[in-house]
Amino acid sequence: MNTPKANTSEKQNAQLGWRDFLPCLWMLLGVLGVFPFFAAYGYTRFEINGILAAITAASVVLVAMEAAILTAIFLRDTELRVQSVLLGMFFRAGIPLVFGMLMHKAGGPLADAGLFGMILVYYLLTLVVETILAVQLVSQTTTIKKAV
């Protein structure tokens, strides 16, 4: 049952377009949306070191969440859809927590400014958004494949 029409539709599904990366943009906007609150908190408590801790926390969590979403995007058309979400958990949780623990243990002005706490709060806030986006990515593909 390998018809030429079936082969072309599979190739079209395998190509990624700019719309496939919209979840990454939503995650970026989510992190940037709450950043002013973290920066204001950091500045009122620790001045410039608080702002630097907020920037560092936002960057670390954003990189981890984007890695998790990209894993789901790149593996969504394979049979590893569910596993891609689980692999994304490794990036989503591992990168911020390991980085935060290492920075906290190393000490310094960023650790004193509450970097680890900011990472944890950022992580919890973005976890909800990232999980919803990853589940939507996996479920959209499953529905489309069932319909075809």
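**View 1. Helices α2 and α3 side by side, running roughly antiparallel to each other.** In this predicted model, helix α2 covers residues 22–46 and helix α3 covers residues 48–75. Two packed helices are described by the angle between their axes and the distance between the axes. Here the axes come within 8 Å and cross at roughly 160°. Angles over 145 degrees count as roughly antiparallel, and α2 and α3 are therefore described that way. Their crossing is right-handed. Sorted by class, the residues in the contact of α2 with α3 are 20 nonpolar, 3 polar and 1 charged.

**View 2. The whole chain, for orientation, with its 6 helices and 0 strands.** If you start at the N terminus and follow the protein chain, you will meet its elements in the order α-α-α-α-α-α. The protein chain has 148 residues, and 32% of them count as buried. Now take the contacts in the protein chain with a separation of 6 or more: residues 24 or more positions apart account for 76% of these.

**View 3. The stretches that UniProt lists under "transmembrane region".** The unreviewed UniProt entry places this feature at residues 21–44, 50–73, 85–103 and 115–138. Take residues 21–44 to begin with: in the model this part of the chain is 96% helix and 0% strand, and its end C-alpha atoms are 36 Å apart. Residues 50–73 are 100% helix and 0% strand, with 34 Å between the end C-alpha atoms.

**View 4. A close look at M65, a residue of helix α3.** Is M65 buried or exposed? With a relative accessible area of 0%, M65 is buried. Leaving aside neighbours within four places in sequence, you can find M65 in contact with M27, R92, Y123, T126, L127 and E130. One of these partners, T126, is 61 residues away from M65 along the chain, yet the C-alpha atoms of M65 and T126 are separated by 7.7 Å.

**View 5. S84 and T71, where helix α4 meets helix α3 through a contact between S84 and T71.** S84 lies in helix α4, which spans residues 81–106, while T71 has its place in helix α3. S84 is buried, with a relative accessible area of 1%. T71 counts as buried too, at 11% relative accessibility; the cut-off for buried is under 20%. Which residues does S84 touch, leaving aside its neighbours within four places in sequence? They are T71, A72, L75 and V138. With the same neighbours-in-sequence rule, T71 is in contact with S84, L87, G88 and F91.

**View 6. H104, an exposed residue of helix α4.** At 52% relative accessibility, H104 counts as exposed, whereas S84, also in helix α4, is buried. Not counting residues up to four places away in sequence, H104 touches A111 and F116. Look also for G117, which is 13 residues from H104 along the chain: the C-alpha atoms of H104 and G117 are separated by 9.6 Å.

Definitions and conventions: Residues are numbered from 1 along each chain as its sequence is written. This is a predicted model: local features need pLDDT of at least 70, side-chain atom pairs count only at pLDDT 80 or more; totals for chains, interfaces and linings use all residues. Side-chain values use heavy atoms; hydrogens and water are left out. UniProt positions are given in the numbering used here, feature names are shortened, and annotations may be inferred rather than shown by experiment. Helices (H or I, at least four residues) and strands (E, at least two) are DSSP runs, numbered from the N terminus. Axes are lines fitted to C-alpha atoms, for helices over the stretch in contact, and angles run from 0 to 180 degrees between N-to-C directions. Angles under 35 degrees count as roughly parallel, over 145 as roughly antiparallel, 65 to 115 as roughly perpendicular and the rest as oblique. A crossing is left-handed if the near helix is turned anticlockwise from the far one by less than a right angle, and right-handed if clockwise. Ala, Val, Leu, Ile, Met, Phe, Trp, Tyr, Cys and Pro count as nonpolar, Asp, Glu, Lys and Arg as charged, and the others, Gly among them, as polar. Buried means under 20% relative accessible area, exposed over 50%, partly exposed in between (1.4 Å probe, protein chains only). Contact means heavy atoms within 4.5 Å.
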